[in-house]
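Student: I would like to learn how to read the features of a protein model step by step. Could we go through one together, with the general idea before each case?

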Amino acid sequence: MRIKSLDQLQQEASESGKSTLKRSLGAFNLIALGIGVIIGAGLFSLTGIAAANHAGPAVTLSFVVAAIGCAFSALCYAEFAAMVPVAGSAYTYAFATLGELFAWIIGWDLILEYSVGAATVAISWSQYLTRFLAKYDLHLPPQLVQSPFERLTLADGSVVSGFINLPTVLIVVLVSVIIIRGTQGSAVFNAIVVSLKVLVVLVFITLGWQYINPANYSPYIPPNTGVFGEFGISGIFRGAGVVFFVFIGFDIVATMAQETKNPQRNMPIGILGSLIVCTVLFVLFGYVMTGLANYTEFKDSAAPVAIAIEKTPYQWLSQAIILAILIGYTSVILVDLLGQSRVFFSMSRDGLLPRSFSDIHPRFQTPWRSNILLCIFISLFAGLVPIRIVGEMTSIGTLLAFILVCLGILILRKRQPDAPRAFRTPWVPVVPILGIVTCAVMMLSLPLDTWIRLFVWLAIGLVIYFAYGKKRSKWQTPEN
């Protein structure tokens, strides 16, 4: 239960030299990073799933509920990020308030979120790329777009087995090279793709608005079927738990604190700014989509936006949406890999993971060894394993991290009420408690198998901690 003091964390933040990260990000870069991962392909797929199976047209309310839960947590994140501008996000904050064991649990939890998430997104990126190129009669060899465990039936009836999902490997390698060469370059690349993604979302909202059929909003909240989470009020909360996946992103902004210029000012702006922008876009997006087509038409559809577009004369927009999904996936992979390497960096520097994860490149000032190792592992994992085995990205781990960050604010205000705070979470203890309650409700609304996966992963992490990290922690000595 040993903790890092605020003085120790602030000393890490003020260090300079070959073992520190380069501060190059401003407020706009942070907002763009947050938007880059929040507006991903999940917006174009999960919105329809949540509407068809849980909330109906009230999926817009699901977005609001999820955003409120995020907002409470974001205010707590902002206070921590301004006080201790050190890489590691929730891992670091837990170390300062709840102790090393809880910090390990959160860090291990974030590793699951970022690594499996990046692999899953990369596989889907490959599938969408194949679909996009096929529209122009460009076809990649089937052996090079699927894993060795998958078989594909061709148009002539023949069956071929995959060798490796090459596009998946290439996108992970490309993004990793961009990250290794420096955070500023990654931020510039991300800003470009974010601009394109936001543009496509705005075009969909603007063009689709004039073809909305008001009858599709009746009933706005479909009556509950008698099963929890299937429409009604419980459906809105179950839908919030589903679309919460879409909001994951502002917490990754917090992992970049040690690479931010004037973090006391820019971290709260980046965290809250990205959340506000995306919430407005998501509500409008969901409203237009469920207004163009009845929510029941989205059932069992992986591309609900394409169904909505069919209700308009703008059929060309379908291909543009696929392009937006490709762009969205690219920035999600980038920010996932960025966030994961920074969590690895912090855990390695504390001795809980091998020291190689915290080696800094002398020129680029990035944790390059960490990036290379993650690139090799994730690219091969994504290229050789089917998406059904990789598993779906889940929001339950992030919800758990949010709860512990909110709890950390309560503890820190009690233990160190007079510590300098460049940004203060308002209405403490109300805001942290509401954050805990809202996130807990969304966690309880998620399916049982999601909880099982979480517990299995955490159990594996605890074995690694007690077998390796606990003995090698740099904070194990009594004076620390």
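Tutor: Let us begin with the vocabulary of elements: helices (H or I, at least four residues) and strands (E, at least two) are DSSP runs, numbered from the N terminus. What you see is a predicted model, in which local features need pLDDT of at least 70 and side-chain atom pairs count only at pLDDT 80 or more, while totals for chains, interfaces and linings use all residues. Residues are numbered from 1 along each chain as its sequence is written, and side-chain values use heavy atoms, with hydrogens and water left out.

Student: How many helices and strands are in the chain?

Tutor: The chain has 18 helices and two strands. Pro 429, for instance, sits in the loop between H16 and H17, and a cis peptide bond with omega of about 15° joins Val 428 to this proline. A second cis peptide bond links Ser 218 and Pro 219, with omega at about 0°, and Pro 219 belongs to the loop between helix H8 (183–209) and H9.

Student: What does it mean to call a residue buried, and what percentage of the residues of the chain count as buried?

Tutor: Buried means under 20% relative accessible area, exposed means over 50%, and partly exposed lies in between (1.4 Å probe, protein chains only). Of the 480 residues of this chain, 60% count as buried. Two residues with a positive phi that are not glycine show opposite cases: Asp 137, with phi of about 60°, counts as exposed at 65% relative accessibility, whereas Phe 231, with phi near 70°, counts as buried at 12%. Asp 137 is in the loop between H6 and strand S1 (151–153), and Phe 231 is in the loop between H8 and H9.

Student: How should I read a helix such as H13, and how many of its residues are buried?

Tutor: The expected span of a helix is 1.5 Å times one less than its number of residues. H13 has 33 residues and reaches 48 Å from its first C-alpha to its last, which is close to the 48 Å expected. This helix is mostly covered, since 30 of its 33 residues are buried. Just after H13 comes Gly 351, which takes a positive phi of about 90°.

Student: What is a nonpolar core, and which residues touch the most other members of the largest one?

Tutor: A nonpolar core is a set of buried Ala, Val, Leu, Ile, Met, Phe, Trp, Tyr and Cys residues joined through side-chain atoms within 4.5 Å. The largest core here has 130 residues, of which Ile 39, Phe 204, Phe 282 and Phe 285 touch the most other members. Helix H6 (residues 100–134) supplies the largest share of this core, 17 residues.

Student: Which residues does Phe 204 contact, leaving aside its neighbours within four places in sequence?

Tutor: Contact means heavy atoms within 4.5 Å. With those neighbours set aside, the partners of Phe 204 include Phe 285, Val 288, Met 289 and Leu 292. Leu 43, which lies in helix H3 (residues 42–55) and is buried with a relative accessible area of 0%, touches Phe 63, Val 201, Val 246, Phe 282 and Phe 285, not counting residues up to four places away in sequence. Leu 43 and Ile 325 are 282 residues apart in sequence, and their C-alpha atoms are 9.1 Å apart in space.

Student: How do I recognise a salt bridge, and how many does the structure hold?

Tutor: Side chains of opposite charge can pair when their charged atoms come close. A salt bridge is a side-chain nitrogen of Lys or Arg within 4 Å of a carboxyl oxygen of Asp or Glu. The structure holds two salt bridges. In one of them, Arg 413 pairs with Glu 79, the closest N and O atoms being 2.8 Å apart. Arg 413 lies in helix H16 (residues 396–415) and Glu 79 in helix H4 (residues 59–83), so the pair ties together parts that are 334 residues apart in sequence. Arg 413 counts as buried at 16% relative accessibility, and Glu 79 is buried as well, at 0%.

Student: Are the residues of the other pair, Glu 297 and Lys 311, buried or partly exposed?

Tutor: The side chains of Glu 297 and Lys 311 meet in a salt bridge at 3.1 Å, N to O. Glu 297 is partly exposed, with a relative accessible area of 33%, and Lys 311 counts as partly exposed at 38%.
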